[in-house]
Amino acid sequence: AEKVKNEFLGHSEKHETILDLFKKHNDDVKQLVGISKTIATYRKYEVTRRHLAEFIQSKYNLSDISIKEITPMFITDFELYLRTTCKCGYNTTAKFMQFFKRIILIARNNGILVGDPFANYKIRLEKVDRGYLTEDEIKIILKKKMVSERLENVRDLFIFSCFTGLAFSDIHGLRKEHIVEDSNGVRWIRKGRQKTKIMCNIPLMEVPLKILEKYSTNEYCRKHGVLFPVLCNQKMNACLKELADICGIKKTLTTHVARHTFATFALANGVSIESVAKMLGHTNVQMTRHYARVLDRTV
């Protein structure tokens, strides 16, 4: 009798609800944080679930909906909701739709859903030109006297990334054992990238060596066994906007701009694209092309 009642109310296993399945998936991802997933990935799935819950409440006045009611129209309506009500950008919306598609795929693999509502829906990401800094702009940032220790710390980390190509997450986890010296006395950063686990091999030039030396006696670094006192990515990017204003730079500075700057100047100074890919820790050269620009002097 209970099974009949559940079937009628749509609560049976065959009528799983989308937000319930999403929650189960997110709980699994949370358990894998630090093993095969990052906390950032978990948070993205959680934000996607929240947007989906708000959409279902707004559109259907329901707290949840059966997975079998997910149709191509539901998907296009959800995309429209993200673009209009949530005011998400094109690529942000595409990312949310990718996460949502992952849940639909789980439902199909488990036999909860027979058809594919995403069959005729194409998720495309626009290429974004994040820009890079010129030599003059880097000199301005280097020479500018900072008004606070916090901004000076952010400036140093940003410049270090410009000269090494390390991503923010990799600088965050940089430790003494990642700095090695070769037989010629050249010091290198040898570290597996947090995102792809591919080994980076980056020679250290004069500027990053000076920055490393500057923080070698930092109390926080000694206590936590790291090379730099690093803020969270959100605060770092907020401080970089402040830094750009102080230095009179009109570009939007982010931790990723530094990585683009490194790739661009490495290619401009005659480093092969294969070597740049190795330093950035990329799996293929195609990824590196996205980062680097061809400067006039390279031509």
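In this predicted model, the cavity count comes to 1 at a cut-off of 30 Å³ or more. The volume of this largest cavity is about 50 Å³. Its wall is built from Leu157, Phe158, Ser161, Leu166, Ala167, Phe168, Ile171, Val230, Met236 and Thr255. Helices H7 and H8 each put at least two residues into that lining, and H7 makes the largest contribution, with 3 residues. Sorted by class, the cavity wall holds 8 nonpolar and 2 polar residues, and no charged ones. As background, rolling a probe the size of a water molecule over the atoms shows where empty space is left.

Open pockets come next. The largest pocket has a volume of about 2500 Å³. It is lined by 47 residues, and those closest to its centre are Ala40, Lys44, Lys195, Asn233 and His256. Two or more lining residues come from each of helices H3 (39-60), H5 (90-109), H8 (168-172), H11 (233-247), H12 (255-268) and H14 (285-291). Helix H3 gives the largest share, at 7 residues. The lining of this pocket is a mixed bag, with 17 nonpolar, 20 polar and 10 charged residues.

The second largest pocket holds about 400 Å³ of space. Of its 15 lining residues, Phe163, Met205, Phe265, Ala266 and Asn269 sit closest to the centre. Helices H6 (135-143), H7 (149-164) and H12 are the elements that supply two or more residues to this lining. Its make-up by class is 11 nonpolar, 2 polar and 2 charged residues. Some helices turn up at more than one of these sites: H12 is listed for the largest pocket and also for the second largest, while H8 lines the largest pocket as well as the largest cavity.

On to the overall build. The protein chain has 14 helices and 3 strands. Its C-alpha atoms fill a box of roughly 80 × 40 × 40 Å along the principal axes. Of the 299 residues, 42% count as buried. As for how the chain comes together, 62% of the contacts between residues at least 6 apart in sequence join residues at least 24 apart.

The 3 strands make an open, antiparallel sheet in the order S1-S2-S3. Strands S1 (179-181) and S3 (199-203) are at the edges with a single partner strand each, so one side of each has no neighbour in the sheet. On average, and with direction ignored, neighbouring strands are turned by 30° against each other. In a regular strand, side chains alternate between the two faces of the sheet.

Strand by strand, the pairing goes as follows. S1 and S2 (residues 187-192) are joined in the antiparallel sense over 3 bridges. Within this pair, Glu181 has Arg187 of S2 as its bridge partner, and Val180 stands opposite Trp188 of S2. The hairpin of S1 and S2 has 5 residues between the strands, and Gly185 takes a positive phi near 85° there. On the other side, S2 and S3 pair over 5 bridges, again in the antiparallel sense. Here Arg190 stands opposite Asn201 of S3. S2 and S3 also form a hairpin, with 6 residues between them, and Lys197 in its turn has a positive phi of about 65°.

Two individual residues round out the picture. Thr17 belongs to the loop between helices H1 (2-9) and H2 (18-31). Is this loop residue buried or exposed? With a relative accessibility of 17%, Thr17 counts as buried, because the cut-off for buried is under 20%. Once neighbours within four places in sequence are set aside, the contacts of Thr17 are Asp64, Ile65, Ser66 and Ile67.

Leu105, by contrast, is found in helix H5. This leucine has a relative accessible area of 38%, so Leu105 is classed as partly exposed. Leu105 and Cys247 lie 142 residues apart in sequence, and their C-alpha atoms are 48 Å apart in space. Helix H5, which holds Leu105, is also among the helices that give two or more residues to the lining of the largest pocket.

Technical notes
Residues are numbered from 1 along each chain as its sequence is written. This is a predicted model: local features need pLDDT of at least 70, side-chain atom pairs count only at pLDDT 80 or more; totals for chains, interfaces and linings use all residues. Side-chain values use heavy atoms; hydrogens and water are left out. On a 1 Å grid over the protein atoms alone, a cavity is a set of points where a 1.4 Å probe fits but cannot get out, and a pocket is an open set with protein on both sides within 12 Å along at least five of seven lines; lining residues have an atom within 4 Å of a point. Grid points are joined across faces, edges and corners, and a volume is the space filled by probe spheres set on the points. Helices (H or I, at least four residues) and strands (E, at least two) are DSSP runs, numbered from the N terminus. Ala, Val, Leu, Ile, Met, Phe, Trp, Tyr, Cys and Pro count as nonpolar, Asp, Glu, Lys and Arg as charged, and the others, Gly among them, as polar. Buried means under 20% relative accessible area, exposed over 50%, partly exposed in between (1.4 Å probe, protein chains only). Contact means heavy atoms within 4.5 Å. Two strands pair if DSSP finds at least two bridges between them. Axes are lines fitted to C-alpha atoms, for helices over the stretch in contact, and angles run from 0 to 180 degrees between N-to-C directions.
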